[in-house]
Amino acid sequence: MKTLLPTSTAGSLPKPSWLAEPEKLWSPWKLTGDELTRGKQDALRVSLQEQQSAGVDIVSDGEQTRQHFVTTFIEHLEGVDFEKRQTVKIRDRYDASVPTVVGPVSRPKPVFVEDARFLRQQTDQTIKWALPGPMTMIDTLYDDHYKSREKLAWEFAKILNQEAKELEAAGVDIIQFDEPAFNVFFDEVNAWGIACLEKAIEGLKCETAVHICYGYGIKANTDWKKTLGSEWRQYEEVFPRLQQSSIDIISLECHNSRVPIELLELVRGKKIMVGAIDVATNTVETPEEVAATLRKALQYVDADKLYPCTNCGMAPLSREVARGKLNALSAGTDIVRRELAN
Ligand SMILES: [Zn+2]
């Protein structure tokens with residue numbers, strides 16, 4: 001890609017209110033059957049158009065076809081019983097009633113490949129597609145079959161690899177794996193989490209990314225952040241091994257976060273999607289605030305490897321706020337592009 005500082009989003013964007021209840025995670029669909037299928041496609045078009053009119057360079061489906069970034073993928077797999085539910089603690093943070101793994105997991109048919117093909121038909125821009133990461137997947141399930149987090153994650157990695165290869169064939173340029181769990185289970189990440197991620201990207205020729213964040217701006221996450229102290233050094237635990245891994249791009253949270261920016265030095269050499277938009281507030285950043293975050297990151301990331309982005313998904317925000325934030329991302333990036341050109 002020739003654009004300097006190509007902008008993108010971490011993933012989700014708000015859904016139109018005729019498709020799902022707005023400003024909510026796991027929001028139920030308002031349509032059913034063929035109407036739902038067409039509604040999702042229309043929402044994808046709207047979401048793409050919002051990104052394009054804001055000048056976003058690397059576009060996505062805005063996750064318009066998914067209810068949730070992890071659950072929707074798992075719903076399409078065999079071996080998981082959604083009727084049989086158990087309460088577990090997700091990412092050591094909040095209790096949730098989750099489905100149970102009752103047998104060998106498999107992917108009877110492609111999950112997002114048709115949706116990705118549809119997005120590909122709508123634009124010639126670089127497109128990015130997000131999948132859940134293996135460790136984040138196992139963290140939202142109760143395992144009554146493998147009885148080993150590592151084994152289950154490895155099985156999911158194989159399934160994700162099948163899906164990723166088909167997404168690549170459908171014309172996706174960047175495949176991103178969302179791994180917020182990488183910010184919590186450091187020993188496991190280093191022991192086998194990154195190995196599972198590398199299994200998921202095995203044999204891919206397109207670019208690959210891993211998104212590691214502090215979560216959506218929902219209460220459970222903002223409460224958790226309050227317990228993390230004045231410096232968030234979680235990235236320090238996993239960056240050294242990630243730097244050595246075969247993943248191309250690392251997407252992370254920077255703006256308004258307490259992540260010490262010098263931790264980016266630990267992944268120098270990788271392409272970095274720098275979160276310059278806070279998704280946990282309705283306050284829209286000024287372009288100057290976005291530019292300030294990017295300038296800080298430029299101390300540790302080479303300009304040709306810096307991709308301005310959002311901290312996380314924007315699904316729970318209003319469409320107006322999300323639109324304002326996308327515009328701020330572009331305008332702030334333009335300021336820094338002009339500075340770099342001088
Ligand atoms: Zn995120």
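Let's start in the sheet of this predicted model, where strand S9 and strand S10 (residues 306-309) pair in the parallel sense, with four bridges between them. To find the register, look at Val-274: its bridge partner in S10 is Pro-308. Between the two strands, the chain leaves S9, passes through helix H9 (residues 287-297) and arrives at S10, making a right-handed β-α-β crossover.

Now turn to the pairing of S9 with strand S8 (residues 249-253). These two strands also run parallel, joined by five bridges. Here Ser-251 is a handy landmark, as its bridge partner in S9 is Met-273.

With those pairings in view, consider S9 itself, which spans residues 271-275. Five of its five residues are buried, so the strand is largely enclosed by the rest of the structure. Buried here means that 20 or more other C-beta atoms lie within 10 Å of the residue's own. You can follow this on both faces of S9: Lys-271, Met-273 and Gly-275 are buried on one side, and Ile-272 and Val-274 are buried on the other.

Finally, let's visit helix H5, which covers residues 149-169. Its 21 residues reach 30 Å from the first C-alpha to the last, close to the 30 Å expected at 1.5 Å a residue. Many side chains are worth a look along the way: the buried residues of H5 include Leu-152, Phe-156, Ile-159, Leu-160 and Leu-167. Glu-155, Glu-163 and Glu-168 are also among the buried positions, as are Ala-153, Ala-157 and Ala-164. After the helix comes Gly-171, which has a positive phi, near 105°.

Notes: Residues numbered from 1 in each chain as written. Predicted model: local features only at pLDDT ≥ 70, side-chain atom pairs only at ≥ 80, totals over all residues. Expected span 1.5 Å × (residues − 1). Buried ≥ 20, exposed ≤ 12 C-beta atoms within 10 Å, placed from the backbone. Pairing = 2+ DSSP bridges. Right-handed = clockwise from strand over helix to strand, strands pointing away.
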